[in-house]
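Opening the notebook on a new model today. I want to go through pockets, surface and salt bridges, and jot down what turns up.

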Amino acid sequence: MTMPFYVSPEQVMKDRADYARKGIARGRSLIALEAGDGIVIVAENPSRTLFKISEIYDHIAFAGVGKYNEFEMLKIAGVRHADLKGYAYSREDVTARSLANAYAQTLGQVFTHEMKPYEVEILVAQVGDTRSGYQLIHILYYSTLMD
């Protein structure tokens, strides 16, 4: 009987992180910044059929970098999450922070429990009535949020 190979958990996580970083690096970057009356998100996108930037809800935008089909699945899940929360409670209850937390939970679950992590980094942006209501949240492939 053959013995299975042993790989330490630290090495598995390091390999997953390296794999995800390489996949994301193959994608094209995007830039987001606060402008005078809103938020500007710019991305290089040579395709006319694939969209890296889109609206999730009436005041919340989504942008993704990395493997297109993976961030497209996350975008669709975010739209469904926002619609259900806005319908069940109130439109004001749908925030960039709540969506970012849902995305972070999904990315963290996939990163730690699945064989292959998602090769994506996403941005959730929210505009408000005032500049203090603006929010940019960057979510990394292993679920870390950066405001």
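Starting at the tail end: D147 is exposed, because its relative accessibility of 66% is over the 50% cut-off. Note to self: this is a predicted model.

**Entry: the D147 pair**

I looked for a partner and found R97, whose side chain meets that of D147 in a salt bridge at 3.2 Å, N to O. The two sit in distant parts of the chain, 50 residues apart: R97 belongs to helix α3 (residues 96-113), while D147 is in the segment after β7. R97 comes out as partly exposed at 31% relative accessibility.

**Entry: other salt bridges**

How many salt bridges does the structure hold? I get 9. I picked two more to look at.

R21 and D18 form one of them, at 2.9 Å from N to O. Why are these two about one helical turn apart? They are 3 residues apart in helix α1, so that separation follows. R21 is partly exposed at 44% relative accessibility, and D18 is also partly exposed, with 24%.

E119 and K116 make the other one I checked, at 3.3 Å from N to O. Is E119 buried or exposed? It is buried, because its 3% relative accessibility is under the 20% cut-off. K116, on the other hand, is partly exposed at 31%. Following the shared partners, I end up with one salt-bridge network that joins R26, E70, K116 and E119.

**Entry: largest pocket**

I ran through the pockets next. The largest pocket has a volume of about 240 Å³. I count 15 lining residues, and those nearest the centre are L30, V65, E121, L123 and H138. Which elements give two or more residues to this lining? They are α1 (9-26), β1, β4 (60-66), β5 (120-126) and β6 (135-139). By residue class the lining splits into 10 nonpolar, 4 polar and 1 charged.

**Entry: second largest pocket**

Here I find about 190 Å³ of space. The second largest pocket has 13 lining residues, with N45, L50, K52, G66 and Y68 nearest its centre. Two or more lining residues come from each of β4 and α2 (68-88). The class split for this lining is 6 nonpolar, 4 polar and 3 charged.

So β4 turns up in my notes for the largest pocket and again for the second largest.

**Entry: nonpolar surface patch**

Which residues make up the nonpolar patch on the surface? I have I31, L33, V40 and V42, with about 330 Å² of accessible area together. β1 (30-35) and β2 (38-43) each supply at least two of the patch residues. I looked at I31 on its own: it is found in strand β1 and is exposed, with a relative accessible area of 54%.

**Entry: odds and ends**

A77 lies in helix α2 and counts as partly exposed at 41% relative accessibility. I checked its distance to Y103: the C-alpha atoms are separated by 8.8 Å, with the two residues 26 apart along the chain.

S143 caught my eye in the backbone angles. It is not a glycine, yet its phi is positive, at about 95°. Where does S143 sit? I place it in the loop between β6 and β7 (145-146), and at 25% relative accessibility S143 counts as partly exposed.

Note on methods:
Residues are numbered from 1 along each chain as its sequence is written. This is a predicted model: local features need pLDDT of at least 70, side-chain atom pairs count only at pLDDT 80 or more; totals for chains, interfaces and linings use all residues. Side-chain values use heavy atoms; hydrogens and water are left out. Patches are made of residues with over 30% relative accessible area and no salt bridge: like charges are joined within 9 Å, nonpolar side chains (Val, Leu, Ile, Met, Phe, Trp, Tyr) within 5 Å. Accessible areas come from the Shrake-Rupley method with a 1.4 Å probe; for residues, only the protein chains shown count as cover. A salt bridge is a side-chain nitrogen of Lys or Arg within 4 Å of a carboxyl oxygen of Asp or Glu. Helices (H or I, at least four residues) and strands (E, at least two) are DSSP runs, numbered from the N terminus. Buried means under 20% relative accessible area, exposed over 50%, partly exposed in between (1.4 Å probe, protein chains only). On a 1 Å grid over the protein atoms alone, a cavity is a set of points where a 1.4 Å probe fits but cannot get out, and a pocket is an open set with protein on both sides within 12 Å along at least five of seven lines; lining residues have an atom within 4 Å of a point. Grid points are joined across faces, edges and corners, and a volume is the space filled by probe spheres set on the points. Ala, Val, Leu, Ile, Met, Phe, Trp, Tyr, Cys and Pro count as nonpolar, Asp, Glu, Lys and Arg as charged, and the others, Gly among them, as polar.
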